[in-house]
Amino acid sequence: MGDRQALARLAQRLNRDAGAPAIPPLFFFTDPARTPDPVAIAGQLPRGAAIVFRHFGATDRVRTARALARVARKRGLTLLIAADPALARRVGADGVHWPEKRLASPLRFGLTTASAHSPAAAARAAALGVDAIILGPVFPSRSPSAKRPLGAFHASQIARSAGPPVIALGGVSAKTARTLVGRGFAGCAAIEALA
């Protein structure tokens, strides 16, 4: 079994153990530098996974979002557009993902998720009524924007007290995801591990 399939199975187990909340168990976050062809990667994701398209203002964002929407519909995936509800509506996405720095008042549109990097941010996201919190980095990550890792123990304390389901992000791979079992997470998210 490949790492992508192993990670998908672990994510499904986390989701089941969390009571099967109505959110995808596995999230793929796009990144212009580390995933230059997100459409190809989306075409290999397991049914039921989510794609979070982070376009960072790219000039081809509409074309890429439309291509991701087509793949998502064809393969039974959930498409979220990061911090851009107008683009989400335009391409028929399933929802919006909000980065922590934009948590002041996220606009609800379909499935709404938000990133958090601390207990305070997780509490703020929960108070705003998001459907799920993407918490990270849980483990050391090679992402240039990654902060100091929370560690599995500290992250699990946040996950257990957050309210909404919590998805682990940051350094998540088939190997590290095993340590998340039984720690209150409802799934996991990755960039490179799914690329």
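Arg13 is partly exposed, with a relative accessible area of 40% (buried means under 20%, exposed over 50%, and partly exposed in between, using a 1.4 Å probe and protein chains only). Its partner is Asp17: the two side chains form a salt bridge, with the closest N and O atoms 3.8 Å apart. A salt bridge here is a side-chain nitrogen of Lys or Arg within 4 Å of a carboxyl oxygen of Asp or Glu. Both residues sit in helix H1 (residues 3–17), and because they are four residues apart, about one helical turn separates them. That fits the usual picture: an α-helix has 3.6 residues a turn, so residues three or four places apart point the same way. Helices (H or I, at least four residues) and strands (E, at least two) are DSSP runs, numbered from the N terminus.

All of this comes from a predicted model, in which local features need pLDDT of at least 70, side-chain atom pairs count only at pLDDT 80 or more, and totals for chains, interfaces and linings use all residues. Residues are numbered from 1 along each chain as its sequence is written, and side-chain values use heavy atoms, with hydrogens and water left out.

Turning to the overall fold, eight strands close into a barrel, running S1-S2-S3-S4-S5-S6-S7-S8 with parallel pairing. On average, neighbouring strands of this sheet are turned by 25 degrees against each other, direction ignored (axes are lines fitted to C-alpha atoms, for helices over the stretch in contact, and angles run from 0 to 180 degrees between N-to-C directions). Two strands count as paired if DSSP finds at least two bridges between them.

Strand S2 (residues 50–53) is a good place to look at the barrel wall. Three bridges join S2 to the parallel strand S1 (residues 26–29), and one matches Phe28 with Ile51 in S2. On to strand S3 (residues 78–82), S2 pairs in the parallel sense over four bridges, with Leu79 of S3 as the bridge partner of Ile51. Both faces of S2 are covered: Ala50 and Val52 on one side, and Ile51 and Phe53 on the other, are all buried. Elsewhere in the barrel, strands S7 (residues 166–168) and S8 (residues 187–190) run parallel and share two bridges, and Ile167 has Gly187 in S8 as its bridge partner.

Between S2 and S3 comes helix H3 (residues 61–75), and the three make a right-handed β-α-β unit. Right-handed means that, with the strands pointing away from the viewer, the path from the first strand over the helix to the second runs clockwise. The 15 residues of H3 should span 21 Å at 1.5 Å a residue, and the end C-alpha atoms are indeed 21 Å apart (the expected span is 1.5 Å times one less than the number of residues). Buried residues in H3 include Val62, Ala65, Leu68 and Val71. Their cover includes helix H2 (38–42), S2, S3 and helix H4 (85–91), contact meaning heavy atoms within 4.5 Å. Just after H3, Gly76 takes a positive phi of about 70 degrees.

Back to charges: the count comes to six salt bridges. Asp31, Arg34, Arg54 and Glu192 are linked in a network of them. Asp31 meets Arg34 with closest N and O atoms 3.9 Å apart, and both residues are buried. Arg54 and Asp31 also pair up, at 3.5 Å from N to O. This pair links distant parts of the chain, 23 residues apart: Arg54 lies in the loop between S2 and H3, and Asp31 in the loop between S1 and H2. Arg54, like Asp31, is buried.
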